[in-house]
Amino acid sequence: MKSKTSYFNKTIFFKNITHFWPIWLMFLVWNVFIVPFMIYNDSLQYKYFTDLTQKELEMRKSMDILEVVSIYCHPAVLFIFSVMAVMAVFSYLYNSRTTNAMHSFPVTRKELFFTNFISGLLFLILPETVGFLFGILVGAVCGYTSMNYLLLGLLYAFGISFVLYSFTVLIAMFTGQLMAIPIFAVILNFLYVGCKMLFCTLMSQISFGISLGFQSGKLDVLSPLYYLCSRVTINYGPGGVPIGMNGGKVIAVYAVAAVFCVVGAYLIYKVRNLETAGSLISIWWICPIFRWGAAVCGGGIFSIIFSALLNFSSSKAVFASAVASAIVFGTVFFFAAQMFLEKGFRVFKKKRLVECGVFLFVFVGLYISIEVDLFGIERKIPEASAVEKAYIEDYVPVGGTDLDTINQIIHIHEQIVGSKKEFEDYAAESQEVYYLGIKYKMKNGSSLERYYPIPWQEEMMTEQDSVAYQVIQITTSPEVYWKELFGKKKQNIKATYAEIDLYDEKTGEREDVVFSLEDTEKIYQAVLADIEEGNFKHCLIQRYFDDLRNESTYYNSIKLDYLGEENIIPVQMDYDSSWYENGEGSKSGSANIMFDKNCRHIIEALIDMGMIESENDLMTINEFYELEDAVSAEYKD
């Protein structure tokens, strides 16, 4: 006995196949081009690589296949064709005449939904399968053996297509306008990360110490296309050898969620009012969400832009301008969204005015909660026991895993947070401000970054209670300067080359004097001696004050090349040194050493080696500029 319950209608199915053939044909051409053609094109290069070993050849060919697969199943490409397929098979829902005609036929909504759903999905899956089969054939003819990667790519493409197609179908059920589908699809696929970026930007603008930075998080999964694009990548093993694709588990989880999207879309379709064809939103309870969402996003973005253009230095003025512009632009976008919903301009009704007032109350409350640090984000300072590494961002990152150093940085951080009002007022009134970055890498894998304007005057360098003094004590220590010159890893260094810039005191003509190998070792030992005795401290402090540095630091710099027993890891890479830890990098390095009159060992060594007769042969930066100006004026005369 034939079942009375049917989920599929052959007539509608074949109508979709024949009526919308340009879509599946376009995707078929794309897959045939990407997979077999690219494999064939890549194979042609091996006519010229005749000196490759068998292992190198196999690795290159594996890389070829994986690169083809990464394009073949790229989420962005599959998203575009998914949206096109959904717009085609459900296009009848967005015109009153066609939607009434389709639903007057002797077919149930269940048949319509699932027949159209399957039709559109096959527009994606069948071309992907054909591309895979042609790729296998061409790959075998061209001598490729890593065909398992193509099979993996096919499974990835199936999974991603199902996920993005199902999510787009759900979106399509919420709107009554065809062209709204791609717009809503893009918005909702990036909604969470977009809102997070908006919130981070707002925080950096009106909060104390919060720097503009966007970090990936677990909840980024709420933005499917963004998350898939960042997770579906080629997987490389040691030495950069390709070993497969990442993202299989992510696709599997999304596929499970996509099943619920299909069920949700069907349930909405069952109760969908046919009269909503042509309306922007077809489900009434989505309308307030749309209004509020448009007002939050539009108001937030334009308030950030507007207050940034005003460029106030006072934190109070920045906050006031942000709130004022949020109210104005939030109201504009709220009623603009309502105009789209009603397809008219008569939107200023009592009910909507009250709703807008409630929205503005909540919206302004969000701004105020950020300003008063209701969520404790500004005051967040980690416990030392939870920190793996801590750094102060200076000329080079200063810090590390040492517990005493971590405690020092946390103490500085606590003092800055406790001086918020004082430092904000100072930054608004004075130009003598230093922007200090503080970074923590936590043991749980997360990180915390802050960026503060702190008072920075010469007299503060001797005030032991000031933040400036404490920062200077950490950043100018002998150990820190050694790492700045020779890398973060303590090891034996062998000097291989040295030269110094000397200048004629009358003409200003430069001479690069190269040290002999013996003198290179002597000058290196002199540098080490001055570092150990702390003789560079004054010179390092002067780096923060251009006028003082130019007055006391010599323009004559020493270039020193060296070799380490192990790879040199620059301190700049200390926070994220995975590239070096994987065995890359070099054992050679180079340092440019600026010094002043306090570096007595360097000056004595230069005199002993006959490089200079006395300290008077060295020029400060100001003396060099004066000589340069004099020579230039004489030349013009």
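In the hairpin of β5 and β6, four residues sit between the strands, and Gly445 there takes a positive phi near 95°. Keep in mind that this is a predicted model. From that turn we can work outward to the open four-stranded sheet, ordered β4-β3-β5-β6 with antiparallel pairing, and then over to helix α14, residues 350–371.

**The sheet as a whole**

- Four strands make up this open sheet, and the order across it runs β4-β3-β5-β6, paired antiparallel.
- β4 (397–400) and β6 are the edge strands; each has a single partner strand, so one side of each has no neighbour in the sheet.
- Going from one strand to the next, the twist averages 20°.
- As background, strands of a sheet pair through backbone hydrogen bonds, in either a parallel or an antiparallel way.

**Strand β5 and its partners**

- β5 covers residues 433–442, and seven of its 10 residues are buried, so the rest of the structure largely encloses this strand.
- On one pairing, β5 and β6 (residues 447–455) run antiparallel over nine bridges, with Leu436 standing opposite Tyr452 in β6.
- On another, six bridges join β5 to β3 (residues 387–393), again antiparallel.
- Two residue pairs help you find your way along that β3 pairing: Ala390 has Tyr440 of β5 as its bridge partner, and Val387 stands opposite Met442 in β5.

**Helices packed on the sheet**

- Helix α15 (residues 403–418) packs on the sheet and touches β3, β4, β5 and β6. The direction of α15 makes about 130° with that of β5.
- Helix α17 (residues 467–475) also packs on the sheet, with contacts to β3, β4, β5 and β6. For α17, the direction makes about 120° with that of β6.

**Helix α14**

- A quick sanity check on geometry: α14 has 22 residues, which at 1.5 Å a residue should span 32 Å, and its end C-alpha atoms are indeed 32 Å apart, so the two agree.
- The buried residues of α14 include the aromatics Phe359, Phe363 and Tyr367. Leu360, Val364 and Ile370 are also among them, and so are Arg352 and Glu355.
- What do those buried residues of α14 pack against? Their neighbours are α9 (191–206), α12 (286–310) and α13 (315–342).
- Just past the end of α14, Asp373 takes a positive phi of about 60°.

Terms used:
Residues numbered from 1 in each chain as written. Predicted model: local features only at pLDDT ≥ 70, side-chain atom pairs only at ≥ 80, totals over all residues. Heavy atoms only, no water. Expected span 1.5 Å × (residues − 1). Buried < 20%, exposed > 50% of the residue type's maximum accessible area, 1.4 Å probe, protein only. Contact = heavy atoms within 4.5 Å. Pairing = 2+ DSSP bridges. Axes fitted to C-alpha atoms, helices over the stretch in contact; angles between N-to-C directions.
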